[in-house]
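This report looks at selected residues and helix contacts in one protein model. Please keep the sequence and the structure in view while reading.

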Amino acid sequence: MTAKPEAWQRGPVEGVPALLQPVAHALLNAQEQVEEAIRDLTPQQLATRPNGAASIEYHVRHAIGSLDRLFTYARGESLTDDQRAYLKAEVSPLEGGISPGDLFTMLQRGISKAIEQLRHTDESALTEPREIGRAKLPSTAIGLLFHGGEHTARHAGQVVTTAKIVRGTAS
């Protein structure tokens, strides 16, 4: 059986501008890696913090929230009260836990929303200046979009590694 090629090896993502294909591919790869890594875990395993490290649940929820915030800034908008509330809630495990399927569905929705934004992003606006947060740190639309893809991929890697650790320590 041959392995499925990674997203970037399957050709362009339909409707996404050429310059933003790497962002879409990074997001799709992250989504697929997380799905594979968490599929058979329990809610307790998703919330486990091996040796005090961040939990899988945190990494996925943070990836979703940060992607939403970065793409909001890329549009030149400020965060909403709901986005700020989500940011504060990311660090706390969901009461009663969450199933792998529900956690993955949340990630899938966040990534679908981001890819839809990429489809509607005008390439001529990519180098326009953007500000980040209340401190108004300088960036550009393309910088924020690329960081969104890179940051999501980084947390997907953490999920994969933490899932291996959690499986290895399960009794």
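## A buried histidine

In this predicted model, His-25 has a relative accessible area of 9% and is therefore buried, since residues under 20% count as such. His-25 belongs to helix H1, which covers residues 21-38, and its side chain reaches the backbone oxygen of Gly-11 at a distance of 3.0 Å.

When neighbours within four places in sequence are set aside, the residues in contact with His-25 are Ala-7, Trp-8, Gly-11, Pro-12 and Val-13. Gly-11 thus appears both among these contacts and as the partner whose backbone oxygen the histidine side chain reaches.

## Helix H3 against helix H4

Helix H3 (residues 56-74) packs with helix H4 (residues 81-89) at an angle of about 150°, and the axes of the two helices are 10 Å apart. Because angles over 145 degrees count as roughly antiparallel, H3 and H4 are described as roughly antiparallel to each other; their crossing is left-handed. On the H3 side the contact is made by Arg-61, Ile-64, Gly-65, Asp-68, Arg-69 and Thr-72, and on the H4 side by Gln-83, Tyr-86, Leu-87 and Ala-89. By character, the residues of this contact comprise four nonpolar, three polar and three charged.

Gly-65, one of the H3 residues in this contact, is buried, with a relative accessible area of 5%. Apart from neighbours within four places in sequence, Gly-65 is in contact with Tyr-86 and Glu-90. The C-alpha atoms of Gly-65 and Leu-107 lie 9.4 Å apart in space, although these residues are separated by 42 residues in sequence.

## Helix H3 against helix H5

H3 also packs with helix H5 (residues 100-119), here at an angle of about 20° and with the axes 10 Å apart. Since angles under 35 degrees count as roughly parallel, H3 and H5 are roughly parallel to each other, and H3 passes H5 in a left-handed crossing. From H3, the residues Glu-57, Val-60, Arg-61, Ile-64, Leu-67, Asp-68, Phe-71 and Ala-74 meet a set in H5 that includes Leu-103, Met-106, Leu-107, Gly-110 and Ile-111. The residues of this contact divide into 11 nonpolar, two polar and four charged.

Arg-61, Ile-64 and Asp-68 of H3 are listed in the contact with H4 and also in the contact with H5.

## A buried glutamate in H3

Is Glu-57, a residue of helix H3, buried or exposed? With a relative accessibility of 2%, Glu-57 counts as buried. A polar atom of its side chain lies 2.6 Å from the backbone nitrogen of Leu-94.

Leaving out neighbours within four places in sequence, Glu-57 is in contact with Leu-46, Ala-47, Ser-92, Pro-93, Leu-94, Ile-98 and Leu-103. Leu-103 is in turn one of the H5 residues that take part in the contact with H3.

## Positive phi in two loops

Most residues other than glycine have a negative phi. Asn-51, which is not a glycine, nevertheless has a positive phi of about 55°. Asn-51 is placed in the loop between helix H2 (43-47) and H3, and with a relative accessible area of 87% this residue is exposed.

Lys-136 likewise is not a glycine and has a positive phi of about 55°. The loop that holds Lys-136 runs between strand S1 (129-132) and strand S2 (137-140).

Terms used:
Residues are numbered from 1 along each chain as its sequence is written. This is a predicted model: local features need pLDDT of at least 70, side-chain atom pairs count only at pLDDT 80 or more; totals for chains, interfaces and linings use all residues. Side-chain values use heavy atoms; hydrogens and water are left out. Axes are lines fitted to C-alpha atoms, for helices over the stretch in contact, and angles run from 0 to 180 degrees between N-to-C directions. Helices (H or I, at least four residues) and strands (E, at least two) are DSSP runs, numbered from the N terminus. Angles under 35 degrees count as roughly parallel, over 145 as roughly antiparallel, 65 to 115 as roughly perpendicular and the rest as oblique. A crossing is left-handed if the near helix is turned anticlockwise from the far one by less than a right angle, and right-handed if clockwise. Contact means heavy atoms within 4.5 Å. Ala, Val, Leu, Ile, Met, Phe, Trp, Tyr, Cys and Pro count as nonpolar, Asp, Glu, Lys and Arg as charged, and the others, Gly among them, as polar. Buried means under 20% relative accessible area, exposed over 50%, partly exposed in between (1.4 Å probe, protein chains only). A polar contact is a pair of N or O atoms within 3.5 Å; within protein, one must be able to donate a hydrogen and the other to accept it, and residues adjacent in sequence count only if both atoms are side-chain atoms.
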